[in-house]
Amino acid sequence: MSEDEILSLPTEMIDGLILLGEPLVFRAGSSTILGSFLVKNDSLVIELAQIDGGGEGVLLSIGSLAKRYAHLRGLLKIEWIVHAVSCAKPNLKLRTVLEKRGFIVEDLAGIGSAYHFLDTL
């Protein structure tokens, strides 16, 4: 589905299928991603556990969709949590992209060590 098609889905469908805070496998471009999405207070929380087949460019795609969705819902922040700190086969390009975009490695309560970024809209 395109960004426009996803954003045109009924809110109930997005809430019931995507914004559960539960693991979900999806494709974006050539990448297969394991992640979760959740609206918490005034934030859209995006947690990405694994990105196979690409990686660096998919963050831009997810980020674009996330910003558009957050604006439509009146959310104030997007919180990113990316588990790319201790991968068996680390993607060095992904790490470079994360660091250039301002992600920092933090020890997050209940999650552990992950790249973290809070995007204020």
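Reader: Are W80 and F103 buried or exposed, and what does that word rest on?

Author: Both W80 and F103 are buried, and a residue earns that word when its relative accessible area is under 20%, whereas over 50% is exposed and the range in between is partly exposed, with a 1.4 Å probe and protein chains only. The model is predicted, and local features need pLDDT of at least 70, side-chain atom pairs count only at pLDDT 80 or more, and totals for chains, interfaces and linings use all residues. Residues are numbered from 1 along each chain as its sequence is written, and side-chain values use heavy atoms, without hydrogens and water.

Reader: Why is the aromatic pair of W80 and F103 called edge-to-face?

Author: The count of aromatic pairs comes to 3. In the one formed by W80 and F103, the centres are 6.1 Å apart and the planes stand at 70°. Rings of Phe, Tyr and Trp (its six-membered ring) pair if their centres lie within 6.5 Å, and planes under 30 degrees apart are stacked, over 60 edge-to-face and the rest tilted, so 6.1 Å makes this a pair and 70° makes the pair edge-to-face. W80 belongs to strand β4 (residues 77-82) and F103 to the loop between α4 (92-100) and β5 (104-108), so the pair ties together parts 23 residues apart in sequence. Helices (H or I, at least four residues) and strands (E, at least two) are DSSP runs, numbered from the N terminus. W80 and F103 also form one aromatic cluster with F117.

Reader: How do you know whether H116 is buried or exposed, and which side chains make polar contacts with the side chain of H116?

Author: H116, which lies in strand β6 (residues 112-120), has a relative accessibility of 13% and therefore counts as buried. Its side chain makes a polar contact of 2.7 Å with the side chain of E79 and another of 2.5 Å with that of E106. Both values fit the rule, because a polar contact is a pair of N or O atoms within 3.5 Å, where within protein one atom must be able to donate a hydrogen and the other to accept it, and residues adjacent in sequence count only if both atoms are side-chain atoms.

Reader: What makes R68 and D4 a salt bridge?

Author: The closest N and O atoms of R68 and D4 are 2.6 Å apart, and a salt bridge needs a side-chain nitrogen of Lys or Arg within 4 Å of a carboxyl oxygen of Asp or Glu, so the pair qualifies. By this rule the count comes to 5 salt bridges. R68 lies in helix α3 (residues 56-73) and D4 in helix α1 (residues 3-7), so this salt bridge ties together parts that are 64 residues apart in sequence.

Reader: How do you know that D119 and K67 form a salt bridge?

Author: The closest N and O atoms of D119 and K67 are 3.5 Å apart. The pair links distant parts of the chain, with D119 in strand β6 and K67 in helix α3, 52 residues apart. D119 is buried because its relative accessible area is 13%, whereas K67, at 36%, is partly exposed. Elsewhere, salt bridges that share partners join E3, D4 and R68 into one network.

Reader: Which strands stand at the edges of the sheet, and why?

Author: The open sheet has 6 strands in the order β1-β2-β3-β4-β6-β5, with mixed pairing. Strands β1 (24-28) and β5 each have a single partner strand and stand at the edges, so one side of each is left without a neighbour in the sheet. Two strands pair if DSSP finds at least two bridges between them, and β1 pairs with β2 (residues 31-40) in the antiparallel sense over 5 bridges.
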